[in-house]
Amino acid sequence: MIPVSQPFLPPKEEYDQYISQLWDTKWLTNQGIYVQQLESELKKYCQCSSLFYVNNGTSALHLAIKGLGIKNEVITTPFSFVATTTSILWENCTPVFVDIDPTTFCIDAEKIEAAITDRTEAILATHVFGIPCEVERIEEIARKHNLLVIYDAAHAFGVQYKGRSLLTYGDLSAISFHATKLFHTVEGGAIMNNTENSELDQTIQLMRNFGFVGENYAMIGLNGKNSEFHAAMGLCNLKYVDALIEKRKELSEAYRKLLGDKRETPDIMKSTKYNYAYYPILFETEGLLLQVQKNLRDNQIASRRYFYPSLNTLPYVTSAHKCPVSEDISRRILCLPLYSDLTLEEVEWIAAIVKEGQKAVIV
């Protein structure tokens, strides 16, 4: 079976060197040495001054919303992983969906202002597939209307926009280090505070650890910490990230050449150094997508409908708005296998199955 994604694992002996020391220190969690070291190295790699390593990307979103004190309406995208919406709902806020740009699949910045009300407090946008949102335009809107900006940057590790890490845009960025991501710590995530507000740093730090200070509890918190075992995996993997991006680029370019390059799907803005996190293709119809997906499955090749369904159609979203572009694209988009151990021969085989007899149209 060819999976749609597969975790990169470093040489086992490298990981063992870290893990063997834990049997000596017995310091397995609670902001241990490896967690501290990983946070330090991630700050350097991501070009940010404030970063908090947590147990997963969803916790990062929760902590971002709670840490900024957001309580009312949050303008967000319907085209993302479900955690983007459920984090808003879980924090008792109201998601207000704005449709997406049909070329980048990120939130359409030109439609945001029309959705702003006197209850709007924030914009939570996703860098879909690691492709930058219109960050300058969103910042301009946020400043004009005194709104906070959070980016769900789950897919954006290693991406640079105009010479800066994409993670340094917005008030806060939340990222996932899940096993399927380009850079992973098996499970994990992080929050980047880009506000230079030291009080917000302290708030996130407290909320990550039950709101615990000494023997007292300063505020409501959760158990958002991560372990030394996970941090050790991150320390091993970080030095391989640039090479993994290059391999993914090679595979993505092979897909594009084999499947046709009418245009990139989705479009990547200029001045972007991309990480090739996914390889999505857009079919002419949902029926065609389903047929191709079946043929891939019949040949023991996995694929996935990132992101389906459009989040504004979820049954527990009561404040849903019509988002015709997102609803349409979510029905017609399919991600093909892409990971570091995938071979060019396998890419050729996958592309042949997509094309042969299916009349797949990449638009």
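This is a walk through the aromatic contacts, charged pairs and selected local features of a predicted model.

Start with the rings. A search of the whole structure finds 19 aromatic pairs. One of them joins F79 and F129. This pair is edge-to-face, with 6.2 Å between the centres and 75° between the planes. F79 sits in the loop between β2 (73–76) and α4 (82–90), while F129 sits in the loop between β4 (120–126) and α5 (135–145), so the contact ties together parts that are 50 residues apart in sequence. Both F79 and F129 are buried.

F129 has another partner. With F307, F129 forms a stacked pair, 5.6 Å centre to centre and 20° between the planes. This contact links distant parts of the chain: F307 lies in the loop between α9 (286–298) and α10 (324–332), 178 residues from F129. The relative accessible area of F129 is 0%. F307 has 5%, so F307 is buried under the 20% limit. The grouping extends further: F79, F105, F129, Y278, Y306 and F307 form one aromatic cluster.

Rings also meet charges here. The charged end of R164 sits over the ring of Y169, 3.8 Å from its centre. R305 lies over the face of Y308, at 3.9 Å from the ring centre.

Some aromatic side chains face outward. F210, F212 and Y217 make a nonpolar surface patch of about 330 Å². F210 is found in the loop between α6 (198–208) and β10 (212–213). Its relative accessibility is 38%, so F210 counts as partly exposed.

Now turn to salt bridges. Side chains of opposite charge can pair when their charged atoms come close. The count for this model is 15 salt bridges. E14 pairs with K239, with the closest N and O atoms 3.2 Å apart. E14 belongs to helix α1 (residues 12–25) and K239 to the loop between α7 (228–238) and α8 (241–259), so this bridge ties together parts that are 225 residues apart in sequence. The two ends differ in cover: E14 is buried at 19% relative accessible area, whereas K239 is exposed at 58%.

Other bridges stay within one helix. An α-helix has 3.6 residues a turn, so residues three or four places apart point the same way. In α5, E140 and R137 are 3 residues apart, about one turn of the helix. Their closest N and O atoms are 3.3 Å apart. E140 is partly exposed, with a relative accessible area of 48%. E110, E113, R137, E140 and K144 are linked in a network of salt bridges. In α10, R332 and D328 are 4 residues apart, and their side chains meet at 2.7 Å, N to O. R332 is buried at 13%, while D328 is partly exposed at 29%.

Next comes helix α3, residues 57–67. How many of its residues are buried? The helix is mostly covered, with 9 of 11 residues buried. Among them are A60, L61, H62 and L63. At the start of α3, a side-chain oxygen of N56 reaches to within 3.1 Å of the backbone nitrogen of T58. After α3 comes G69, with a positive phi near 70°.

One polar contact closes the tour. S173 is found in strand β8, residues 172–176. S173 is buried, with a relative accessible area of 0%. Its side chain reaches the backbone oxygen of L167 at 3.1 Å.

Key. Residues numbered from 1 in each chain as written. Predicted model: local features only at pLDDT ≥ 70, side-chain atom pairs only at ≥ 80, totals over all residues. Heavy atoms only, no water. Patch = residues over 30% accessible without salt bridge, like charges linked within 9 Å, V, L, I, M, F, W, Y side chains within 5 Å. Areas by Shrake-Rupley, 256 points an atom, 1.4 Å probe, with all protein chains shown as cover. Salt bridge = Lys/Arg side-chain N within 4 Å of Asp/Glu carboxyl O. Helix = DSSP H or I, 4+ residues; strand = E, 2+ residues; numbered from the N terminus. Buried < 20%, exposed > 50% of the residue type's maximum accessible area, 1.4 Å probe, protein only. Phe/Tyr/Trp six-rings, centres within 6.5 Å; stacked < 30°, edge-to-face > 60°. Lys NZ or Arg CZ within 6 Å of the ring centre and 35° of its normal. Polar contact = N/O pair within 3.5 Å; in protein donor to acceptor, adjacent residues only side chain to side chain.
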